[in-house]
Amino acid sequence: MSRTAANVVGKVMFGEPIAASLGTDGTHYWNKYWRHGAGHVMGPPLRPDPSTPGYLMDLLANNDLQVTGTDNCTFNADQKALCKDEFRKIPNSVNGVEDRMSDIWEKGVETETESNR
């Protein structure tokens, strides 16, 4: 989920960024709408650096990271709101199983194809 970890993991073992880390970043945690921020709570957390998704995608393209996964265990906003007074206790997880391949296609294949035109 971070650039630093990706650099180490890619050299020593197989790495698995999750779909959410390829499509967005952790800047959403500071959104003024609680439900929006809570909807991005996952473990490990998304990093606030907006360049991380592209960086992780590049590592996948170069085979420095080899597979993708998801943190799929979706909680709806009402379930996450049970802990709204204690942000650290919000249930960790986001959806992703059904979106994983389309995200990779959009961010990795279509984007790369457009930049080569």
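The side chain of lysine 80 reaches the backbone oxygen of proline 91 at a distance of 3.3 Å, and this pairing is a convenient entry point to what is a predicted model. Lysine 80 belongs to helix α5, which spans residues 77–81, and despite the charge that a lysine can carry at its end, the residue counts as buried because its relative accessibility is 3%, under the 20% cut-off. Once its neighbours within four places in sequence are left aside, lysine 80 is in contact with Trp34, Ala38, Gly39, Val41, Phe75, Ile90, Pro91 and Ser93. Proline 91 therefore appears both as the residue whose backbone oxygen is reached by the lysine side chain and as a member of the contact list, given that contact means heavy atoms within 4.5 Å.

**Two further buried positions in loops**

Histidine 40 is placed in the loop that runs between α3 (34–38) and α4 (52–61). With a relative accessible area of 16%, histidine 40 is buried, because the limit for that class is 20%. A polar atom of its side chain lies 2.8 Å from the backbone oxygen of histidine 36. Not counting residues up to four places away in sequence, histidine 40 touches Thr24, His28, Tyr29, Leu46 and Val94.

Glycine 15 is found in the loop between α1 (3–12) and α2 (19–23), and it is buried as well, with a relative accessible area of 4%. Which residues does glycine 15 contact when its neighbours within four places in sequence are left aside? They are Val9, Leu65, Gln66 and Val67. For valine 67 the separation in sequence from glycine 15 is 52 residues, while the C-alpha atoms of the two are 6.7 Å apart in space.

**Overall layout and nonpolar cores**

The secondary structure of the protein comes to six helices and zero strands, which read along the sequence as the pattern α-α-α-α-α-α. Of the 117 residues, 32% count as buried, and the accessible surface comes to about 7,400 Å², of which 53% belongs to carbon and sulfur atoms. Among contacts between residues at least 6 apart in sequence, 67% join residues that are at least 24 apart.

The largest nonpolar core has 10 residues, namely Met1, Ile18, Ala20, Tyr29, Ala38, Val41, Met42, Leu46, Ile90 and Val94. Several of these names recur in the contacts described above: Ala38, Val41 and Ile90 are among the contacts of lysine 80, whereas Tyr29, Leu46 and Val94 are among those of histidine 40. Methionine 42, itself a member of this core, is in contact with Met1, Ile18, Ala20, Tyr29, Asp71, Asn92, Ser93 and Val94, again leaving aside neighbours within four places in sequence. A second, separate core of eight residues includes Leu56, Met57, Leu59 and Ile104.

Helix α4 contributes to the buried part of the protein through Thr52, Pro53, Leu56, Met57, Leu59 and Leu60. Seen down the axis of α4, these buried residues fall within an arc of 160 degrees, so they line one face of the helix. An α-helix has 3.6 residues a turn, so residues three or four places apart point the same way. After α4 comes asparagine 63, whose phi is positive, near 70 degrees.

**Salt bridges**

The structure holds three salt bridges, which are set out below with the distance between the closest N and O atoms of each pair.

| Acidic residue | Basic residue | Closest N–O distance |
|---|---|---|
| Aspartate 49 | Arginine 3 | 3.8 Å |
| Aspartate 78 | Arginine 35 | 2.9 Å |
| Glutamate 86 | Arginine 88 | 2.5 Å |

The pair of aspartate 49 and arginine 3 links distant parts of the chain, since aspartate 49 lies in the loop between α3 and α4 and arginine 3 in helix α1, 46 residues apart. Aspartate 49 is partly exposed, with a relative accessible area of 31%, and arginine 3 also counts as partly exposed, at 31% relative accessibility. Arginine 35 lies in helix α3 and aspartate 78 in helix α5, so this pair ties together parts that are 43 residues apart in sequence; arginine 35 counts as partly exposed, at 49% relative accessibility. In the remaining pair, glutamate 86 is partly exposed, with a relative accessible area of 27%, whereas arginine 88 counts as exposed, at 72%.

Terms used: Residues numbered from 1 in each chain as written. Predicted model: local features only at pLDDT ≥ 70, side-chain atom pairs only at ≥ 80, totals over all residues. Heavy atoms only, no water. Helix = DSSP H or I, 4+ residues; strand = E, 2+ residues; numbered from the N terminus. Buried < 20%, exposed > 50% of the residue type's maximum accessible area, 1.4 Å probe, protein only. Polar contact = N/O pair within 3.5 Å; in protein donor to acceptor, adjacent residues only side chain to side chain. Arc of directions from axis to C-beta. Salt bridge = Lys/Arg side-chain N within 4 Å of Asp/Glu carboxyl O. Core = buried A, V, L, I, M, F, W, Y, C linked by side-chain atoms within 4.5 Å. Areas by Shrake-Rupley, 256 points an atom, 1.4 Å probe, with all protein chains shown as cover.
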